[in-house]
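Work through the exercises below with the structure open beside you, and try each task before reading its solution.

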Amino acid sequence: MLDVLTQKVHDEARQGEAFAPFINDPAQYQKKFYIESYGCQMNFSDSEIVASILQDAGFGATRDCAEADLILLNTCSIREKAEQTVRKRLTEFRKIKVANPGLLVGVLGCMAERIKSKLLEEEQLVDIVVGPDAYRSLPGLIEEAEGGQKAVNVLLSREETYADISPVRLNSNGVSGFVSIMRGCNNMCTFCVVPFTRGRERSRNAFSIVKECRDLFDRGYKEVTLLGQNVDSYYFTPEATDNNARRDTVTFASLLEMVAKISPLLRVRFSTSHPKDITDDVLYVIAKYKNICKYIHLPVQSGSTRILQMMNRTYTREWYMAKINRIREIIPGCGISSDIIAGFCTETEEDHQATLSLMEYSGYDLSYMFFYSERPGTLAQRRYKDDIPETVKKRRLQEIVNLQNRLSRESNEKDLGKTFEVLIEGNSKKSDQDWMGRTSQNKVIVFSKNGAYCNKGDYVNVKVTDCTKATLLGEIV
Ligand code: SAH
Ligand code: SF4
Ligand code: F3S
């Protein structure tokens with residue numbers, strides 16, 4: 001739908017993209033695991049925790065599933081299609097298992113949590129099922145499975161944040177890293193399966209977050225993205241045991257500030273903000289620190305107050321507009337993006353038009369757009385009929401996509417002639433003669449390496465000379 005590069009850092013998997021990691025020298029380990037991740041960036045970040053737990057248990061990672069002793073799929077349940085993709089992938093692994101009967105196959109993540117042990121009946125080749133809060137038990141479960149038992153742990157926790165585990169950075173570009181700051185979600189949007197698959201919201205110890213960010217910076221990283229389903233409700237009260245003089249409660253605004261202070265050379269991003277929870281305090285902190293990126297992902301879902309109410313989003317159209325105004329007032333030039341669902345239960349043409357007009361009002365730089373997919377067990381599935389025909393859902397979605405394409409192009413055209421500070425992430429996809437980087441506003445910019453000595457991870461000033469709807473093109477000044 002949209003530019004793949006733009007999606008990548010924000011949220012790979014909304015595109016249903018999987019990744020197979022590299023890691024360190026697999027030769028030093030007796031056994032090898034292969035892991036593929038689907039879903040949101042938090043799932044990708046969890047795979048890095050899983051990799052760390054497995055390494056400690058003597059497993060090295062491999063990129064080649066054919067040579068693995070253990071294949072893991074870290075799965076997503078957000079839409080039906082996400083689950084179908086995983087099932088299809090499992091079918092493909094069946095062939096490898098026939099060739100190698102000792103191979104173990106494990107399903108992790110949200111689909112494991114949603115379907116639980118029934119997954120073992122439905123997918124005969126699966127040996128291990130582990131939910132998002134039970135990854136510490138993986139080594140034990142693998143042992144059970146090696147002994148011929150099917151092994152399941154889908155217990156959700158009120159405390160688990162994996163705070164003490166140092167993630168093994170999978171497939172990282174060495175410039176930007178993702179840091180999980182909280183888990184779960186208490187919001188109960190009626191369409192959403194996440195509260196059921198990820199459990200109650202809990203915030204990770206602020207000092208362990210800062211430490212992880214500082215470690216990344218010390219290892220040469222230049223950007224951290226703080227991750228949570230609802231980062232603005234981050235809330236942490238230090239205990240007497242925390243080795244720090246500070247005893248004040250840490251809110252998201254103060255956490256942002258703590259991370260921003262690590263170094264002016266470390267960019268700070270975050271995702272996702274719920275419109276009801278993002279406070280002026282957060283906006284003022286973003287405005288105050290140059291290294292906190294001027295970009296907010298603020299999913300609206302729908303532009304109709306009636307639909308928003310049915311979705312239990314707890315804000316109205318007008319309230320959302322006021323929030324957009326507030327962002328534009330406090331952080332001039334801030335990039336704003338959104339998530340939008342087309343064809344939620346009972347949605348009329350009028351509701352749909354309200355979504356289009358709110359998109360126009362907000363002038364999003366980017367949106368992630370979906371048609372409604374009913375999920376078993378959610379409030380919407382229990383309360384409402386999924387009554388919009390698929391053809392209508394798809395037509396409305398197409399109109400939303402078309403409008404966003406125009407808004408993205410207009411937003412990029414406004415940048416022509418301007419100069420931005422860009423963090424270089426690596427070679428451009430198309431040519432190793434060009435760099436690819438991002439502006440603070442999270443726009444991807446491609447520019448020639450010609451005539452300037454710089455490297456991946458450097459900051460450079462780039463003047464925008466041209467653009468497409470997805471990418472800025474420029475030259476170093
Ligand atoms: N916590 C984030 C989003 C998590 S899921 C937030 O509150 O914004 C990412 C996006 O997937 C959601 O914003 C929503 O737009 C979409 N989504 C969630 N459930 C869906 C469903 N049942 N059908 C279609 N899209 C859905
Ligand atoms: Fe789902 Fe809503 Fe929580 Fe986001 S805030 S994860 S959409 S329940
Ligand atoms: Fe998917 Fe679970 Fe994330 S359902 S979007 S992987 S929290």
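The exercises treat two sheets, three helix pairs, the surroundings of two ligands and two backbone details.

The model is predicted, so local features need pLDDT of at least 70 and side-chain atom pairs count only at pLDDT 80 or more, while totals for chains, interfaces and linings use all residues. Residues are numbered from 1 along each chain as its sequence is written, chains are lettered from A and ligands numbered from 1 in the order in which they are written, and side-chain values use heavy atoms, with hydrogens and water left out.

**Exercise 1.** Determine the strand order of the sheet that contains β1, and state which helices pack on that sheet.

*Solution.* Begin with the vocabulary: helices (H or I, at least four residues) and strands (E, at least two) are DSSP runs, numbered from the N terminus, and two strands pair if DSSP finds at least two bridges between them. On that basis 6 strands form an open sheet with parallel pairing, in the order β2-β1-β3-β4-β5-β6. The edges are held by β2 (59-61) and β6 (151-153), each of which has a single partner strand, so one side of each lacks a neighbour in the sheet. From one strand to the next, the twist averages 20 degrees. Next, look at the pairing of β1 (residues 31-37) with β2, which is parallel and made of 3 bridges; Lys 32 has Gly 60 of β2 as its bridge partner. Finally come the helices, where contact means heavy atoms within 4.5 Å, and axes are lines fitted to C-alpha atoms, for helices over the stretch in contact, with angles from 0 to 180 degrees between N-to-C directions. Helix α2 (residues 41-56) packs on the sheet and touches β1, β2, β3 (70-75) and β4 (104-108), its direction making about 150 degrees with that of β3. Helix α6 (residues 138-146) also packs on the sheet, touching β1, β2, β3, β4, β5 (128-130) and β6, and its direction makes about 160 degrees with that of β5.

**Exercise 2.** Find the strand order of the sheet that contains β10, and name the bridge partner of Leu 227.

*Solution.* The order is β7-β10-β13, an open sheet of 3 strands with parallel pairing. Here β7 (176-180) and β13 stand at the edges with a single partner strand each, so one side of each is without a neighbour in the sheet. Direction ignored, neighbouring strands of this sheet are turned by 25 degrees against each other on average. Between β10 (residues 223-227) and β13 there are 5 bridges in the parallel sense, and the partner of Leu 227 in β13 is Ser 271.

**Exercise 3.** Classify the packing of α13 against α15, of α12 against α13, and of α9 against α10.

*Solution.* Two packed helices are described by the angle between their axes and the distance between the axes. The axes of α13 (residues 349-362) and α15 (residues 390-413) come within 10 Å and cross at roughly 15 degrees; α13 and α15 are therefore roughly parallel to each other, a label that applies to angles under 35 degrees. The pair α12 and α13 packs at about 15 degrees with axes 10 Å apart, and these two helices are likewise roughly parallel to each other. For α9 (residues 252-260) and α10 (residues 280-288), the angle is about 15 degrees and the axes are 8 Å apart, which makes α9 roughly parallel to α10. The contact of α9 with α10 involves Phe 252, Ala 253, Leu 256 and Glu 257 from α9 and Asp 281, Val 282, Val 285, Ile 286 and Lys 288 from α10. By class, this contact has 6 nonpolar, no polar and 3 charged residues, where Ala, Val, Leu, Ile, Met, Phe, Trp, Tyr, Cys and Pro count as nonpolar, Asp, Glu, Lys and Arg as charged, and the others, Gly among them, as polar.

**Exercise 4.** Describe the shells around ligand 2 and ligand 3.

*Solution.* A residue belongs to a shell if one of its heavy atoms lies within 4 Å of the molecule. The shell of ligand 2 includes Cys 185, Cys 189, Cys 192, His 274 and Arg 313, and its residues divide into 7 nonpolar, 3 polar and 1 charged. Around ligand 3 are, among others, Cys 40, Cys 76, Cys 110 and Arg 198, in a shell of 5 nonpolar, 4 polar and 1 charged residues.

**Exercise 5.** Locate the cis peptide bond and the positive phi of Asn 312.

*Solution.* Most residues other than glycine have a negative phi, and most peptide bonds are trans. The bond from Ser 271 to Thr 272 is cis, with omega near 10 degrees, and Thr 272 is found in the loop between β13 (267-271) and α10. Asn 312 has a phi near 60 degrees and is found in the loop between α11 (305-310) and α12 (317-330).

Technical notes:
Parallel < 35°, antiparallel > 145°, perpendicular 65-115°, else oblique.
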